[in-house]
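Me: I would like to learn how to read helix packing and buried cores from a set of coordinates. Could we work through one example together?

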Amino acid sequence: MTKINRMNRSASSRATLRELERKNILCRERIGVRHVIRANTGLIEAIGLNVDALHGSVRDDPTFEHFKFVWPREAWVEFNGGRARLTGVQAHSWIDPSRLRDVPVNRGATELVRKSSTKGNTFDADADVLGDAILVTDHREHCVLQPSCRNCTPDDLSFFGSMLSTPNSLLERWGRSYILFHEEPREHDIIAIKLRWS
């Protein structure tokens with residue numbers, strides 16, 4: 001995904017996009033790319049867009065079993081010349097130490113937390129980050145199609161999304177379905193949205 005495709009609106013479609021945003025059919029959200037910093041290997045693996053509630057999805061993932069014992073901490077860290085949101089866990093005095101005994105220290109995440117450029121830090125600077133940590137980078141605006149009509153079903157949106165040429169994903173949150181565009185919606189897709197949902 002290039003920066004231009006993900007952020008820049010084409011001049012010919014700006015007015016229609018503004019109209020759809022005013023009607024709450026399309027909205028814009030800042031979404032980043034989610035990575036995992038592996039504690040055992042130090043590798044940083046990209047695992048997709050950060051489109052859902054981070055803590056909920058992590059707590060359900062068996063890879064992040066250690067997140068269930070301690071409320072995750074967060075910080076804005078410097079990464080690859082930009083800012084990224086780091087989420088991880090540390091041991092606390094009020095936690096039973098046996099719960100985190102087998103969780104390895106994440107040296108890469110600990111290093112990021114201890115840099116002087118770290119902001120909004122809820123980590124304890126003297127404690128190590130434990131287990132795999134999550135790093136969300138490359139925060140950019142994405143268009144989200146969320147029709148407000150009550151009779152719009154997930155099947156309606158899925159069928160509509162399959163006809164669009166702009167790469168997109170059908171997602172669900174808060175009991176509603178929506179379409180997340182991976183790039184700026186193409187002009188003919190914007191017209192189709194206006195004709196179908198406006």
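Me: Which residue follows α2, and what is the sign of its phi?

Reply: Bear in mind throughout that this is a predicted model. The residue after α2 is asparagine 24, and its phi is positive, near 60 degrees.

Me: How should I describe the way α2 packs with α6, and at what angle and axis distance do they lie?

Reply: Two packed helices are described by the angle between their axes together with the distance between those axes. Here helix α2, residues 14-22, and helix α6, residues 187-197, pack at an angle of about 40 degrees with their axes 10 Å apart, and α2 passes α6 in a left-handed crossing. On the α2 side the contact is made by Thr16, Leu17, Glu19 and Leu20, and on the α6 side by Ile190, Ile193 and Lys194. Sorted by class, this contact has four nonpolar, one polar and two charged residues.

Me: Which residues of α2 are buried, and why do they lie on the same side of the helix?

Reply: An α-helix has 3.6 residues a turn, so residues three or four places apart point the same way. In α2 the buried residues are Thr16, Leu17, Glu19 and Leu20; because they cover an arc of only 160 degrees around the axis, they are on the same side of α2. On the other side of α2, Ala15 and Arg22 are exposed. The buried residues of α2 pack against β1 (26-37), β5 (130-145) and α6.

Me: How many residues does the largest nonpolar core have, and which of them have the most contacts inside it?

Reply: In soluble globular proteins, nonpolar side chains tend to be buried together. The largest nonpolar core in this model has 15 residues, and those with the most contacts inside it are Leu26, Leu145, Phe160, Phe181, Ile193 and Trp197. At least two residues of this core come from each of α2, β5, α5 (154-163), β7 (176-181) and α6, with α6 giving the most, three residues. Leaving aside neighbours within four places in sequence, isoleucine 193 is in contact with Leu20, Ile25, Leu26, Leu145, Phe160, Phe181 and Ser198. Apart from this core lies another, of 13 residues, among them Val77, Ala84, Phe123 and Val129.

Me: Is threonine 110 buried or exposed?

Reply: Threonine 110, which is found in helix α4 (residues 107-114), has a relative accessibility of 5% and therefore counts as buried, the cut-off being under 20%. Leaving aside neighbours within four places in sequence, threonine 110 is in contact with Val105, Ala127, Asp128 and Val129.

Notes. Residues numbered from 1 in each chain as written. Predicted model: local features only at pLDDT ≥ 70, side-chain atom pairs only at ≥ 80, totals over all residues. Heavy atoms only, no water. Axes fitted to C-alpha atoms, helices over the stretch in contact; angles between N-to-C directions. Helix = DSSP H or I, 4+ residues; strand = E, 2+ residues; numbered from the N terminus. Left-handed = near helix turned anticlockwise from the far one by under 90°. Contact = heavy atoms within 4.5 Å. Nonpolar A, V, L, I, M, F, W, Y, C, P; charged D, E, K, R; others polar. Buried < 20%, exposed > 50% of the residue type's maximum accessible area, 1.4 Å probe, protein only. Arc of directions from axis to C-beta. Core = buried A, V, L, I, M, F, W, Y, C linked by side-chain atoms within 4.5 Å.
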